[in-house]
Amino acid sequence: MNRSFARIGLAGLTGVALLALTACAGGDPLAEDAAAGGADSGSSVVIGSADFAESQLVATIYSLALQDAGVDVDEKFNIGSREVYIEAVQDGSIDLVPDYAGSLLKYLDTKATASSTEDVLAALGKVLPDTLTMLDASDAQDKDVLAVTQETADKYDLETISDLEPVAGEISLGGPPEWKTRVNGVVGLEDVYGLKFKEFVSLDAGGPLTMTALISGQVQAGDIFSTDPGIAENDLVSLEDDKSLFAAENVLPIVRTDKVDDTVTATLNEVSAALTTEDLIEMNGRAATGEALADIAEDWLTDTGLLK
């Protein structure tokens, strides 16, 4: 597979912004299901996603792979944050969603301390409700990283998150609104690292708003996803998480237990076995130019030999 990354810059950011606006234009993706009383066991598999491009991309990969395996699929993408889409899986509005192991564990158990992939998956298996099943996790990870510009890193001599402690009061932090109350967010940065920032600016989930705010100086530190090609393209510095606040974030499918069967399991496990972090970075670079997610997903499935 071609590993060349598309340049992101401000033009790429605009592409992501347009993608996000396009995804939001359809209104509430759960409205129809809510009116109908949710999905019934035995009907088509309803696939949801979070409200950022990478989640929609992975959900599209799941959708195309399942359709190729003969499964009837209904797509309800761009639902919202984890607080919204996990509830949607539990109440039957959707049946399947891609998620990130460490963040899901912290959501289900705010006191979880597991950090490595092995420990996170083991802990997640213990706290996941019986109504939900996690299938195989991929090697691909997309972790939250606290990023600063090279100029900010040089000014304050920053290499690790701990290095922020004496200067946090001078710095504005940007991230998604839900970060303000998450353990793997503002709460953890204060409890684990002792960081009290000058202010928290509600932006988006590692998307164009946060990237633009960092580059323009609106905020001096921001929550960016580790698979964002804009980190390298915009010369940002990902501060080392030296106290392991952000656990392993392997991508994995979360499925309503009553929707799990041999075909769904085998198909999604094959996807997980093939997906890598490098794949996510490359595909995110293409998405940043405004390329259709379905085309990107189909190319990846074809290149990996998963489309029959």
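**Fold, cavities and selected local features of the chain**

The chain exposes about 13100 Å², and carbon and sulfur atoms supply 48% of this area. The model is a predicted one. Of its 308 residues, 52% count as buried. The secondary structure comprises 13 helices and 10 strands. Contacts were also sorted by sequence separation. Among those between residues at least 6 apart in sequence, 76% join residues at least 24 apart.

Helix H11 was examined for its length. It covers residues 262-274, 13 residues in number. At 1.5 Å a residue the helix should span 18 Å, because the expected span is 1.5 Å times one less than the number of residues. The end C-alpha atoms of H11 are 18 Å apart, which agrees. The N-terminal end of H11 is capped by Asp261. A side-chain oxygen of Asp261 lies 3.1 Å from the backbone nitrogen of Thr263.

Burial along H11 was considered next. Val264, Thr267, Leu268, Asn269, Val271 and Ser272 are buried in this helix. An α-helix has 3.6 residues a turn, so residues three or four places apart point the same way. The buried residues of H11 pack against both strands and helices. The strands are S1 (45-50), S3 (96-100) and S10 (251-256). The helices are H3 (53-68) and H13 (293-303).

Asn184 is found in helix H8, which runs over residues 183-193. The relative accessible area of Asn184 is 7%, so the residue is buried, the cut-off being under 20%. The side chain of Asn184 makes a polar contact with the side chain of Ser103, at 3.1 Å. Ser103 also appears in the contact list of Asn184, which leaves aside neighbours within four places in sequence. The other residues in that list are Lys106, Asp144, Trp179, Leu245, Phe246 and Glu249.

The search for enclosed space gave two cavities of 30 Å³ or more. The largest cavity has a volume of about 230 Å³. Its lining consists of 20 residues. Phe52, Arg82, Asp144, Arg182 and Phe225 lie nearest the centre of this cavity. Helix H4 (82-91) and strand S8 (221-225) are the elements that give two or more residues to the lining of the largest cavity. Asp144 thus lies among the residues nearest the cavity centre and is also in contact with Asn184.

Open pockets were treated separately. The second largest pocket has a volume of about 170 Å³. It is lined by 13 residues, and those closest to its centre are Lys106, Ala112, Val183, Val192 and Leu245. H8 gives the most to this lining, with five residues. Two of the residues closest to the pocket centre, Lys106 and Leu245, are also contacts of Asn184.

Backbone torsions were then inspected. Most residues other than glycine have a negative phi. Asp157 has a positive phi of about 55 degrees, although it is not a glycine. This residue lies in the loop between helix H7 (150-156) and strand S6 (172-175). The relative accessibility of Asp157 is 60%, so it counts as exposed, the cut-off being over 50%.

Asp235 also has a positive phi, near 55 degrees, and is a residue other than glycine. Its loop is the one between helix H10 (230-233) and strand S9 (236-238). At 48% relative accessibility, Asp235 counts as partly exposed.

Note on methods. Residues are numbered from 1 along each chain as its sequence is written. This is a predicted model: local features need pLDDT of at least 70, side-chain atom pairs count only at pLDDT 80 or more; totals for chains, interfaces and linings use all residues. Side-chain values use heavy atoms; hydrogens and water are left out. Helices (H or I, at least four residues) and strands (E, at least two) are DSSP runs, numbered from the N terminus. Buried means under 20% relative accessible area, exposed over 50%, partly exposed in between (1.4 Å probe, protein chains only). Contact means heavy atoms within 4.5 Å. A polar contact is a pair of N or O atoms within 3.5 Å; within protein, one must be able to donate a hydrogen and the other to accept it, and residues adjacent in sequence count only if both atoms are side-chain atoms. Accessible areas come from the Shrake-Rupley method with a 1.4 Å probe; for residues, only the protein chains shown count as cover. On a 1 Å grid over the protein atoms alone, a cavity is a set of points where a 1.4 Å probe fits but cannot get out, and a pocket is an open set with protein on both sides within 12 Å along at least five of seven lines; lining residues have an atom within 4 Å of a point. Grid points are joined across faces, edges and corners, and a volume is the space filled by probe spheres set on the points.
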